[in-house]
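Visitor: Please take one strand and look at it closely. Start from its pairing, then work outward to whatever surrounds it.

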Amino acid sequence: MLFRSELHCHVEGTVRPETVVELVRRSGRPLPVEDPRELYRYDSLDSFLAIFWLVQEAIATPDDWARVAYESLVDGAAHGLRYREMFFTPARHLAAGQRLDGIVAGLTRGIEAAERDAPVRCFLVAAMDKAYGAAAGLELVEEVVALRRAGKAERVIGIGADSTELGVDHRIFQPAYALAAA
C-alpha cells in the first residue's frame with residue numbers, strides 16, 4: 001500500500017454522507033438530495049460551497065467536531081493516509097454562537113482518538129472565511145493566538161483563507177496574516 005500525506009484537506013469536506021444526514025436531520029434542515037452520496041457531486045466552486053455550508057451548519061457541538069475529525073482520519077488511514085494538515089473554517093459556527101475553544105477542543109479530541117486507533121497524525125489549520133471580511137479574519141487569528149498562548153490549541157499550526165475567490169481583494173487580510181506570522 002502507498003502511504004500518503006494531505007497538506008490541504010477541509011474536515012467539513014470529508015464528513016461521511018451518513019453522518020451529514022444524521023447531523024442535518026438533527027438540526028431540522030432539509031437535505032437537498034434523496035441519496036446522501038449525491039451531496040458530494042458538484043460541478044463548480046459555488047455548488048461545492050453550497051454543500052460545504054450545509055455541512056458546516058450541521059456541525060453544532062464540540063462532540064460533532066470530535067466525531068467528524070475522528071471519522072475523517074480513520075477513513076483516510078484505511079486508504080493509506082498517514083499525515084494530514086486539516087483545515088477548519090469556523091466563521092459560520094462562531095456567528096451561530098459556537099466558541100472557538102469548543103471547536104478546537106472537539107477537533108483535538110477527535111484527532112487524538114483517531115491517532116490512538118489508526119496509524120495517522122494530524123494538525124490543524126484555522127481558515128478565515130473571506131465572505132465574513134477582514135475584521136472577522138483578524139478576530140479569528142487573535143482568538144487562535146490567545147488559545148495557543150493558553151495551551152489550548154497546540155494542534156493549530158497555521159492560518160488559511162477559504163470561500164469564494166471572485167471579487168475578493170486578498171490584501172485586506174494582510175493584518176491577520178501578519179499577526180499569525182508574528
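Guide: Start at Cys-122, which lies in β3 and is the bridge partner of Arg-84. Strands here are DSSP runs of E, at least two residues long, and helices are runs of H or I of at least four, both numbered from the N terminus. The model is predicted: local features need pLDDT of at least 70, side-chain atom pairs need pLDDT 80 or more, and totals for chains, interfaces and linings take in all residues. Residues are numbered from 1 along each chain as its sequence is written, and side-chain values use heavy atoms, with hydrogens and water left out.

Strand β3 spans residues 121-129 and pairs with β2, residues 81-88, in the parallel sense. Six bridges make up this pairing; two strands count as paired if DSSP finds at least two bridges between them. Further along, Ala-126 in β3 is the bridge partner of Phe-88. On to β4. It runs parallel to β3, and six bridges join the two. In that pairing, Met-128 stands opposite Ala-161 of β4.

Now the whole sheet. It is open, with four strands in the order β1-β2-β3-β4 and parallel pairing. Its edge strands are β1 (4-10) and β4 (156-162), each paired on one side only. Between neighbouring strands the average turn is 25°, direction ignored. Strands of a sheet pair through backbone hydrogen bonds, either parallel or antiparallel.

How enclosed is β3? Eight of its nine residues are buried, so the rest of the structure largely encloses this strand. Buried means under 20% relative accessible area, exposed over 50%, and partly exposed in between, with a 1.4 Å probe and protein chains only. Cys-122 is buried at 0% relative accessibility.

Leu-124 also sits in β3. Its relative accessible area is 0%, so it too is buried. Its C-alpha atom is 5.8 Å from that of Phe-87, although the two residues are 37 apart along the chain. Beyond its neighbours within four places in sequence, Leu-124 is in contact (heavy atoms within 4.5 Å) with Met-86, Phe-88, Leu-107, Ile-111, Arg-155, Val-156, Ile-157 and Gly-158.

Which helix lies across this strand? Helix α7, residues 174-181, lies across β3 and β4. It runs at about 170° to β4. Axes are lines fitted to C-alpha atoms, for helices over the stretch in contact, and angles run from 0 to 180 degrees between N-to-C directions.

Two of the residues that touch Leu-124, Leu-107 and Ile-111, take us to α5. This helix, residues 100-117, packs against α3, residues 62-77, at an angle of about 35°. The axes are 7 Å apart. The crossing of α3 over α5 is right-handed, with the near helix turned clockwise from the far one by less than a right angle. From α3 the contact takes Pro-62, Asp-63, Trp-65, Ala-66, Ala-69, Tyr-70, Leu-73 and Val-74. The α5 side includes Leu-107 and Ile-111, along with Gly-102, Gly-106 and Gly-110. By class, the residues of this contact are twelve nonpolar, three polar and three charged. Nonpolar here means Ala, Val, Leu, Ile, Met, Phe, Trp, Tyr, Cys and Pro; charged means Asp, Glu, Lys and Arg; the others, Gly among them, are polar.

Next, a residue in α6. Leu-147 belongs to this helix, residues 134-149. It is buried, with a relative accessible area of 11%. Setting aside neighbours within four places in sequence, its contacts are Leu-100, Asp-101, Val-104, Lys-152 and Ala-153.

Last, back to the cysteine where we began. Is Cys-122 bonded or unbonded to another cysteine? Its sulfur is 8.4 Å from the closest cysteine sulfur, that of Cys-9, which is too far for a bond. Cys-9 is buried as well, at 11% relative accessibility. The whole structure was searched, and zero disulfides were found, a disulfide being a pair of cysteine sulfur atoms within 2.5 Å.
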